[in-house]
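Visitor: I am new to reading protein models, and I would like a close look at one part. Could you walk me through it slowly?

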Amino acid sequence: MAADTGGFEDPSAEVLTEAAAAFGLLASSARLHIVWALAQGESDVTHLADRVGGALPAVSQHLAKLKLAGLVRSRREGRRQIYFVDDSDVVTVVRVMVGQLSARAEGASAPVHRLRGTGG
């Protein structure tokens, strides 16, 4: 007898692997901060580095990884590359997760505790 899945079929192994890779990239607080910033609006690497407090080469490397994974896109504007998140679903996932954890932290007036089962 099959388990009740609430009307949803299990995703394929390929889809789960792709999702795990995307979540793996977002597991870096620096990359998550970059995606969060880009979810608020597009930016070039210099302004992103200033906003997230990272060194320009490091932010550039993070952007390259996010771009390669298809989580971030860019376009040329003169001599600058402008980065943006072109997938509204990625923006939604990041906003929901960060928003929930921020609300939880504000409600508890304490730092956010590590999620159970994250190995750290």
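Visitor: Leaving aside its neighbours within four places in sequence, which residues is Ile-34 in contact with?

Guide: Happy to help! This is a predicted model, where local features need pLDDT of at least 70, side-chain atom pairs count only at pLDDT 80 or more, and totals for chains, interfaces and linings use all residues. Residues are numbered from 1 along each chain as its sequence is written, and side-chain values use heavy atoms, with hydrogens and water left out.

Beyond its neighbours within four places in sequence, Ile-34 touches Leu-48, Val-52, Val-59, His-62, Leu-63 and Leu-66; contact means heavy atoms within 4.5 Å.

Now step back a little. The protein chain has five helices and three strands, which are DSSP runs numbered from the N terminus (helices are H or I, at least four residues; strands are E, at least two). Ile-34 is one of the H2 residues that meet helix H4. The axes of H2 and H4 come within 10 Å and cross at roughly 75°. Axes here are lines fitted to C-alpha atoms, for helices over the stretch in contact, and angles run from 0 to 180 degrees between N-to-C directions. H2 is therefore roughly perpendicular to H4, a label for angles of 65 to 115 degrees (under 35 is roughly parallel, over 145 roughly antiparallel, and the rest oblique). On the H2 side the contact uses Ala-30, Arg-31, Ile-34, Val-35 and Leu-38, while H4 brings Val-59, His-62, Leu-63, Lys-65 and Leu-66.

Ile-34 also belongs to the largest nonpolar core, which has 21 residues. Such a core is a set of buried Ala, Val, Leu, Ile, Met, Phe, Trp, Tyr and Cys residues joined through side-chain atoms within 4.5 Å, and buried means under 20% relative accessible area (exposed is over 50%, partly exposed in between; 1.4 Å probe, protein chains only). Together with Leu-38, Val-59, Leu-63 and Leu-66, Ile-34 touches the most other members. Helix H2 gives the most to this core, with five residues. In soluble globular proteins, nonpolar side chains tend to be buried together.

Finally, H2 (residues 29–40) has another partner, H5 (residues 88–108): they pack at about 110°, with their axes 10 Å apart. H2 is thus roughly perpendicular to H5. In this contact, Leu-32, Val-35, Trp-36, Ala-39 and Gln-40 of H2 meet Val-90, Val-91, Val-94, Arg-95 and Val-98 of H5.
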